[in-house]
Every structure is written in C-alpha cells, then in structure tokens.
Amino acid sequence: EDLRAQLRGYSLAGVRYLVVPRGMDLNRAITTEDDRFPLVYDREVFVYENPAAFPRAFVVPRWESAPDATTARQRALSPAFDPRTTAAIEDGTAGAGGDGTVTIVEYRATQVRLSVDMAGPGLVVLTDTYYPGWTARVDGRGSRIHRVDGLFRGVFVDKGKHEITMRFLPAIQVWGLAISGVSF
C-alpha cells in the first residue's frame, strides 16, 4: 500500500523495476488490469515491472515557475500535475515550446552525453539528481542546469539537433587542484 501511494514519485524518478520479498504480491488488491504490475522474475525474490516509469531522459514542452524545490516537488507529485508535459522549475520562468526526442549517447558517473532532436525550443530533463558541481554544455557552449520538479536536472535547448554534455566537477575538487598546483 505504501508503494502504491508513492508510485507517482517512483515512476517520475524512472524506477522501472520493483524488487520485493518473495510472497509479497503487489497485484493482490488490484481491481483493473491497467493497474497491474507485470511479474518479470519469480525466484528468490519477486521482480515486478513498473509500466508507468518515465524514461531516463525526456523533453518537456511546457514549464512553470516554482518558488523553491519543495514546492516544485509537491507540484510534480500532485495528481493534478502531468510531469510528462509540464515541469516545475525554480528560476521564475514559465513558458512553452516544442516536443522532441532524447537519446542517451554516453552515461558515466561523472559525465552524461545526450543527443536531442527538437521540434521547437524546449526543456530536456535527465532524471538524475540535481546537485551542485554539475555543468552543462549544449553543442560545446556553456548552458545553465535548472532544477526540475525539485529533484532533477534540466537544460533548455533550441529547435533542431543538439548534443548536451553534463559533467561533474565539484568546487572542492577545483580548489584542491588549484592549491596542489600552487604548492607544486
């Protein structure tokens, strides 16, 4: 029951598989076929698939302003809000653009490369945690990373084909390298 209550958040975060102890039937109280979790593994644990899971990266054609991360997160988890078509961002900007497609080209711990093809300007969302130290480049030019829905990273891009590269280099590491260089 707790899992079902939190399913919207798990789906938004891209949680595709749910691992539960053997004998825990997530479909026990289900009344409609649309609400069922397909059972994909049945041995020492049960693994159910979450068909409502968002992709790891996607385009949001509309965005609205939120005053802070908590409000943005509350909006995104509200049943009246559709995070597939609208994002809540914290920078005071609201707008609309086009749709598009996103492909993850490279995914490493400290670098992610995305290939996007946009029908119009829009917001590309990566459902990885927003955290200081990440930088973004669109087609080699610096771009701002926005906190989307209080949790995730997003980058605005124009119409057309683009490559987005996000790299993680925390400030403490930069300072450490600078101090080491001066000391040397």
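Select Glu163 first: at 35% relative accessibility, this residue counts as partly exposed, and you are looking at it in a predicted model. Now add Arg113 to the selection, because its relative accessibility of 24% also places it in the partly exposed class, which runs from 20% to 50%. The side chains of Glu163 and Arg113 meet in a salt bridge, with 3.0 Å from N to O. Glu163 lies in strand 15 (residues 160–168) and Arg113 in strand 9 (residues 111–118), so this pair ties together parts of the chain that are 50 residues apart in sequence. Keep both residues shown and add Glu106 and Arg108, since salt bridges that share partners join Glu106, Arg108, Arg113 and Glu163 into one network. Side chains of opposite charge can pair when their charged atoms come close.

From Arg113, colour the whole of strand 9, and then select residues 100–107, which make up strand 8. These two strands pair in the antiparallel sense, over seven bridges, and they form a hairpin with three residues between them. To see one of the bridges, select Val102 and look across to strand 9, where its bridge partner is Val116.

Next, go to Arg147 and Glu90, which form a salt bridge whose closest N and O atoms are 2.6 Å apart. This pair links distant parts of the chain, with Arg147 in strand 13 (residues 146–148) and Glu90 in the loop between strand 6 (86–89) and strand 7 (95–96), the two being 57 residues apart. Are these two residues buried, partly exposed or exposed? Arg147 counts as partly exposed, at 30% relative accessibility, and Glu90, at 26%, counts as partly exposed too.

For another salt bridge, select Asp42 and Arg22, where the closest N and O atoms are 2.5 Å apart. Asp42 lies in strand 2 (residues 39–42) and Arg22 in the loop between strand 1 (17–21) and strand 2, so the pair ties together parts that are 20 residues apart in sequence. If you display the surface here, bear in mind that Asp42 is partly exposed, with a relative accessible area of 43%, and that Arg22, at 49%, counts as partly exposed as well. In total, the count comes to nine salt bridges.

Now turn from charged pairs to a buried residue by selecting Thr127, which lies in strand 10 (residues 122–129). Why does Thr127 count as buried? Its relative accessibility is 7%, and a residue is called buried when this value is under 20%. Show what surrounds Thr127: leaving aside its neighbours within four places in sequence, this residue is in contact with Leu12, Ala13, Pro55, Arg56, Phe58 and Phe152.

Finally, zoom out until the whole chain is in view, and look for its four helices and 15 strands. The C-alpha atoms fill a box of roughly 60 × 45 × 30 Å, taken along the principal axes. Buried residues make up 35% of the 184 residues in the chain, and the accessible surface comes to about 10800 Å², of which 53% belongs to carbon and sulfur atoms. Among contacts between residues at least 6 apart in sequence, 63% join residues at least 24 apart. If you colour the chain by charge, you will find 22 positive and 22 negative side chains, and the centres of these two sets lie 5 Å apart.

Definitions and conventions. Residues are numbered from 1 along each chain as its sequence is written. This is a predicted model: local features need pLDDT of at least 70, side-chain atom pairs count only at pLDDT 80 or more; totals for chains, interfaces and linings use all residues. Side-chain values use heavy atoms; hydrogens and water are left out. Buried means under 20% relative accessible area, exposed over 50%, partly exposed in between (1.4 Å probe, protein chains only). Contact means heavy atoms within 4.5 Å. Accessible areas come from the Shrake-Rupley method with a 1.4 Å probe; for residues, only the protein chains shown count as cover. Lys and Arg count as positive and Asp and Glu as negative; His and the chain ends are not counted. The place of a charge is taken as NZ of Lys, CZ of Arg, CG of Asp or CD of Glu. A salt bridge is a side-chain nitrogen of Lys or Arg within 4 Å of a carboxyl oxygen of Asp or Glu. Two strands pair if DSSP finds at least two bridges between them.
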